[in-house]
Amino acid sequence: NIRQKHITLSAVLLTCIISLRNQFGLLFYRPNRNTIKLYTPDHPSRLLYFNLNTDAPHDGHPIEMSKLKHNTVIAAVVSNDINEVEKLKNALTSLHHLRGDDDDAEFTAHVLVFNEGDLSNHQIQTLIECTRRPIAFPYVDLSSLPSGFNPDNIDAVQNKISREQALRSRLVNRFWLNTVWTHPAIGPYGVVMKVDPHSCFMEDNEHLPHPLISYSEYHSQYIGHHPSNEKISLDGLFNYTAEWLLRVKAASNPMMWQYVKTTWQQQGTLPIFRTGLEVFGEGYMKRNGIRKYVDDLTEREPFGVLSKGWNYQALRFMMAGIFFQNEMIVTTKAKGYGWEELCEKDKYDARFKRPR
């Protein structure tokens, strides 16, 4: 009887596991189990791009990188979390609204989905199917930490998320601030349009993914001030940056920097951009002054981005004041751009017909 009960219990558990697997996908997926090749076998660092052949979109092919310089790439970072992948699928599907490269017969902006090597075959295939644009999946190691940083020492976590979730979010911010600009997948391109998985486009935009103004080096929408009830992520940021300016350089945009300074002194908060969408001049972001600032923020004591969770949106506004002259930046809303709840799949589907 006892043996029979064990057999029955095992059968029930197996049934539950299969049910959960069918409902939620590869529930027990392990990294590197996918069989879709993302790099060429003979050159392990050479990416394969999909959607190059309309008859076989899932066949990956290498691209001659020398032909890509000065062209635009659309980039995102995604984990293998089911909900995050679903949001990115929605974002990629909406890229058909970007019309800025419609007339460029020679080059359509590519898509790079940075990942930690743990996407399943099914996730990769469905992401490929969400867009007609050439798409690749470069690997990024977000678990690699700067020398001397102890992840056990991160400051208080907000918004009722775990310390592990908070650390990963900060490591993604570190990637966009710093390590993306040394990643070999970015190097061949001249312009980078960054999109968060929470993003979408709800109407046609005539210039994206290219810059609104050809000579601009940065575009993100100014949306006001950081919420006063979440100031913990600003703690020490302004003073650190003001001291850094005294040691290293003067602000390139005195008007913007003065606005940052006045806002902090009078209101105890900082101006921010909506950084779910950013357009960068790739070459400009590799300049020595910017490289030193972001290295100091992410790779050296006090490791403000990682340990204190310094706010990414505020950092980007401060960087605009420090490194970009006025004519180099665009701070208006990108036509058609949506964020968060506007991009929830059900709401988006209810508003728009969604061609692939």
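Biologist: Hi! How much area does the protein chain expose, and what share do carbon and sulfur atoms supply?

Modeller: The protein chain exposes about 17900 Å², and carbon and sulfur atoms supply 51% of it. Accessible areas here come from the Shrake-Rupley method with a 1.4 Å probe. This is a predicted model, where local features need pLDDT of at least 70 and side-chain atom pairs count only at pLDDT 80 or more, while totals for chains, interfaces and linings use all residues. Residues are numbered from 1 along each chain as its sequence is written, and side-chain values use heavy atoms, leaving out hydrogens and water.

Biologist: Thanks! How many of the residues count as buried?

Modeller: Of the 356 residues in the protein chain, 47% do. Buried means under 20% relative accessible area, exposed means over 50%, and partly exposed is in between (1.4 Å probe, protein chains only).

Biologist: New topic: how many aromatic pairs are there?

Modeller: The count comes to 20 aromatic pairs. Rings of Phe, Tyr and Trp (its six-membered ring) pair if their centres lie within 6.5 Å; planes under 30 degrees apart count as stacked, over 60 as edge-to-face and the rest as tilted.

Biologist: Why is the pair of tyrosine 218 and phenylalanine 273 tilted?

Modeller: Their ring planes sit at 55°, so the pair is tilted, with centres 5.6 Å apart.

Biologist: Are those two buried or exposed?

Modeller: Tyrosine 218 is buried at 2% relative accessibility, and phenylalanine 273 is buried at 0%.

Biologist: And what about tyrosine 222 and tyrosine 259?

Modeller: Those planes are at 75° and the centres 6.2 Å apart, so that pair is edge-to-face. Tyrosine 222 is partly exposed at 30%, and tyrosine 259 is partly exposed at 32%.
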